[in-house]
Amino acid sequence: MKLLNNVCDQTSSREEMADQLQTRDRFLSLPQPFYNSPAYFKHDMEEVFYKEWIMAGVVSEIPKKGNYFTIQIGDNPIMVVRGAEGKIDAFYNVCRHRGSRLCTQHRGKTAKLVCPYHKWTYELDGKLLYAGSEMGDGFDMAKFSLKKVHVRTGGGFIFVCLADEPPAFDAFLATLDEYLEPYDMENTKVAVETHIVEKCNWKLVIENNRECYHCDGSHPELLRTLLEWDDTNDPRADQAFKDHVARKEAEWEEEKIPYHHVSAGLRNRIVRMPLAEGTVSMTMDGKSGSTKLMGRIKNPDLGSMRILHLPNSWNHCMGDHLITFRVLPLGPQETLVTTKWLVHKDAVEGVDYDPENLRKVWDATNDQDRVLAEENQQGINSRAYEPGPYSKTYEFGVINFIDWYCERVLDNMGKEVPEKYRRLTNVDLES
């Protein structure tokens, strides 16, 4: 009876959630359950994180055969492995014997994948090699390979998808290859990696990232170098900013550095914007954080190429280093944010770069954003909360994210998607 009630509750909350997404005013924030309901969180995981492409990591984390890293997507432990001839595979990190996790470390290197429980052993391509004589003569090992996860790479980034049939992704991957070619991502390394658990819903983390309305009062370190506008069409952008962009674009054109804005619906966008005049990197003094520049880059003054991938990643790519941000939900009000600073693989710590200098700006910014998002969550939990209005100028990025979220949840649920969400750009924000 309890199981039946749980199924009924899930069905009821699913219908309620779909109805709220279909009827909400898209210029207001989401209703309270979207940020704190365990049932709604379960639907988020099922319809977004188990069906969309998730940024998992970068190729340089697993540079050689046998290198692997693990991530947790909801209830699903996943491992990403570099196999023979450089092939990258992803599997559920689950032994086919009795379900134990195979790889228990965050990152490592192994010749074979061996379950620590009963020593079942798998090849790096997932094929079962050894299960012991205890399984009997008729045991067919070919039926017990590891279960695969869809995996694709683009521009040095690794994406995984848990869906049976993942959504189309080729166009964006090709764009990543083009725009990250100057950085030679295979020949980078992780110089610093941090993990922050934020006591808030994952959507609040992304919403906070998608606007700089809060930046002036919250991020003094970041604004030493970052220009908050990422488009010359931004209604707040003045002529001095537009002239600054034009000068830098002429330099990038000369050096064959991609810079044109590109988007793939509301899910993905890439834009290169200059940093503040006289600065070349997101460090406290605005100088290069690494004297060894990335890939074929000769000029450190490439601004910041900003890469957005919904639902779980944003990135800043500069001439001297690159910063990736990965978001993974842990619960209705708990989110893991992982930040990695990448440098040229030949850069020497203490000679070419100082890790503390490299990380200082975004360590401060991440912690400031954590406090903002957690305070946001506390207010939303109150009985006083009701959806509030978005600014169509300062918060258009948040509107775009929520539009994308609503459209994907409804479509993945098999529900009717209102026309208001079926937009490819933000051109109708004044409607």
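1. Two strands are counted as paired if DSSP finds at least two bridges between them. On that basis, this predicted model contains an open sheet of 7 strands, arranged in the order S1-S10-S9-S4-S3-S2-S5 with antiparallel pairing. Its edges are formed by strand S1 (54–58) and strand S5 (107–109), each of which pairs on one side only. On average, neighbouring strands of this sheet are turned by 30° against each other, direction ignored.

2. Within the 7-stranded sheet, the pairing of strand S3 (residues 76–82) with strand S4 (residues 88–92) may be examined in detail. The two strands run antiparallel and are joined by 5 bridges. One residue pair can be named here: Val80 has Ala90, in S4, as its bridge partner.

3. Helix H4 (residues 170–180) packs on this sheet, where it touches strand S9 (148–154) and strand S10 (157–161). The direction of the helix makes about 40° with that of S9.

4. Two neighbouring residues of H4 deserve separate comment. Thr175, found in helix H4, has a relative accessible area of 18% and is therefore buried, the cut-off being under 20%. A polar atom of the Thr175 side chain lies 3.0 Å from the backbone oxygen of Ala171. Leaving aside residues up to four places away in sequence, Thr175 touches Val262 and Ile270.

5. Ala174 also lies in helix H4. With a relative accessible area of 45%, Ala174 falls between the limits of 20% and 50% and so is partly exposed. Ala174 and Gly155 are separated by 19 residues in sequence, while their C-alpha atoms are 7.8 Å apart in space.

6. A second open sheet has 3 strands in the order S6-S7-S8, again with antiparallel pairing. Strand S6 (113–114) and strand S8 (128–130) are its edge strands, each pairing on one side only. Strand S7 (residues 121–122) is linked to S8 by 2 bridges in the antiparallel sense, and Tyr122 stands opposite Leu128 of S8.

7. As to annotation, an unreviewed UniProt entry places the feature "domain: Rieske" at residues 53–160. Over residues 53–160 the chain is 42% strand and 0% helix. The end C-alpha atoms of this stretch are 6 Å apart.

8. A helix pair should also be noted. Two packed helices are described by the angle between their axes and the distance between the axes. The axes of helix H3 (residues 38–49) and helix H9 (residues 396–413) come within 9 Å and cross at roughly 85°; H3 is therefore roughly perpendicular to H9. On the H3 side, the contact is made by His43, Asp44, Glu47 and Val48. On the H9 side, Trp404, Tyr405, Arg408, Val409, Asn412 and Met413 take part.

9. The last point concerns helix H5 (residues 202–209), which is mostly covered, with 7 of its 8 residues buried. The buried residues are Trp202, Lys203, Leu204, Val205, Ile206, Glu207 and Asn208. At the N-terminal end of H5, Asn201 acts as a cap: one of its side-chain oxygens lies 3.0 Å from the backbone nitrogen of Lys203.

Note on methods
Residues numbered from 1 in each chain as written. Predicted model: local features only at pLDDT ≥ 70, side-chain atom pairs only at ≥ 80, totals over all residues. Heavy atoms only, no water. Helix = DSSP H or I, 4+ residues; strand = E, 2+ residues; numbered from the N terminus. Axes fitted to C-alpha atoms, helices over the stretch in contact; angles between N-to-C directions. Contact = heavy atoms within 4.5 Å. UniProt positions renumbered as here; feature names shortened; annotations may be inferred. Buried < 20%, exposed > 50% of the residue type's maximum accessible area, 1.4 Å probe, protein only. Polar contact = N/O pair within 3.5 Å; in protein donor to acceptor, adjacent residues only side chain to side chain. Parallel < 35°, antiparallel > 145°, perpendicular 65-115°, else oblique.
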